[in-house]
Amino acid sequence: MKKITALIFLFSIFNSSAQEFGKNYYSFDASYFYGTIAEHNPDIAHLITGHPTGLILGFNKKSFGFEDWEKRYNYPDVGASFTYQDMKNPSLGENYGLYAHMNFYLFKRNLMFRIGQGLVYTSNPYNPDDNYKNNAYGSRLLSSTYLMANYKKEKIFEGLGLQAGLSLIHYSNADFKSPNSSTNTITFNLGLNYVLDNQNLPNYIPKGPREKYTEPIHFNFVLRSGVNTMGIIGSKQYPFLTFSAYADKVLNHKSTLQAGTEVFFSKAMEERIYYQSVAFPSGNTTGDEDSKRVGVFVGHQLNFNKLSVITHLGYYAYYPYEHFVDQLYNRVGLQRKITEDLWASLTVRSHYANAEAVEFSIGYRL
């Protein structure tokens, strides 16, 4: 159910932008890629045995400035992608992904930068009996992010164009189920694009003078929850709760700064403390350590229409048990405005490259 909720939330990127004044205009693209798995963790070295290949298929809704936010970001595309990747290792198998994405353009729209977020089905996840070598994917469903930087030329011949560049594809389940060493694939991609109704595209609506915009300081109260594991293979899934309170300051239409504090309650960490005390009675863990954490953080909110990209950098100011994760943490994800005061988000909280949890959050802004 959590994965289905995530998918619905992610594709609200596309659906929330489908309403605009005038007709919608669309394009397709298809790219073949060839690459290599980066050894970001020595634990996955045995899984890097070949050069992964695959396809990226994209469906895009083009923008021309019918809405103000489109002008601020140089008329981006919003869309959906499908990916197929052969990992070239029998233990890793094949991955099939479905994403929501946005395309941003630079240098007279010749350089396209795409960021996609979605869910992936992997054909051969970890199994203690049949596939014990796969310590990268502990579950059949994974969360995934992919980045693409392409030189893109549209309408070379009627609606047909070319594109080529580099992509980075990340697969992880954010410790939803262990193991979770994850993979990152760096690829070269080459493909075609096609613009529908290419003879009747409208002109871009001029941006006009930049308007100064700001708001007074607002306060936010947030409840975050989900499930994760102890980070040990075979661990059960345990619920967690995080209560956050922070202030935000809107600088302009695009940027909002944030600063606040939060309290973490983690059943997985409580079980990890107990496990360590029993499994290693001569170690440093007694079993009486407090599993709660208190963090302070600063952040940034990059605003599009009703959707925002959230980035936080935090530090556990109260952290009595320091053997679970690092004291510095980060949070990255998407936030969607529901009403003027109520919002929801999906984020991943990590410690450097080590993800601890996928968080579903509901927040109220005063």
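In this predicted model, helix 4 spans residues 267-279 and contains 13 residues. Its first and last C-alpha atoms lie 18 Å apart, close to the 18 Å expected at 1.5 Å a residue. Six named positions of helix 4 are buried: A268, M269, R272, I273, Q276 and S277. The cover over these buried residues includes four strands. They are strand 9 (218-228), strand 10 (238-250), strand 11 (255-266) and strand 12 (293-303).

Helix 4 also carries a salt bridge, formed by the side chains of E270 and K267. The N to O distance is 3.4 Å. The two residues are three apart in helix 4, so about one helical turn separates them. E270 has a relative accessibility of 39% and therefore counts as partly exposed. K267 is likewise partly exposed, because its relative accessible area is 32%, which falls between the 20% and 50% limits.

A barrel is closed by eight strands. Their order is 1-2-3-4-5-6-7-8, and the pairing is antiparallel. On average, neighbouring strands of this sheet are turned by 25° against each other, direction ignored. In general, strands of a sheet pair through backbone hydrogen bonds. One of the pairings joins strand 6 (residues 141-157) to strand 7 (residues 160-172). This antiparallel pairing runs over 12 bridges. Within it, Y151 has A164 of strand 7 as its bridge partner.

The structure holds 16 salt bridges in total. Among them is the pair R365 and D248, whose closest N and O atoms are 2.9 Å apart. This pair links distant parts of the chain. R365 belongs to strand 16 (residues 354-365) and D248 to strand 10, with their positions 117 residues apart. Both partners, R365 and D248, are buried. Strand 10 thus appears twice: it contributes D248, and it is included in the cover over the buried residues of helix 4.

Strand 16 supplies a further salt-bridge partner, E359. E359 bonds to R331, with the closest N and O atoms 2.7 Å apart. This pair, too, connects distant parts of the chain, as R331 lies in strand 14 (residues 328-337), 28 residues from E359. E359 and R331 are both buried. The two residues also belong to one network of salt bridges that share partners. The network joins R224, E262, R293, R331, R349, E356 and E359.

Conventions
Residues are numbered from 1 along each chain as its sequence is written. This is a predicted model: local features need pLDDT of at least 70, side-chain atom pairs count only at pLDDT 80 or more; totals for chains, interfaces and linings use all residues. Side-chain values use heavy atoms; hydrogens and water are left out. The expected span of a helix is 1.5 Å times one less than its number of residues. Buried means under 20% relative accessible area, exposed over 50%, partly exposed in between (1.4 Å probe, protein chains only). Contact means heavy atoms within 4.5 Å. Two strands pair if DSSP finds at least two bridges between them. Axes are lines fitted to C-alpha atoms, for helices over the stretch in contact, and angles run from 0 to 180 degrees between N-to-C directions. A salt bridge is a side-chain nitrogen of Lys or Arg within 4 Å of a carboxyl oxygen of Asp or Glu.
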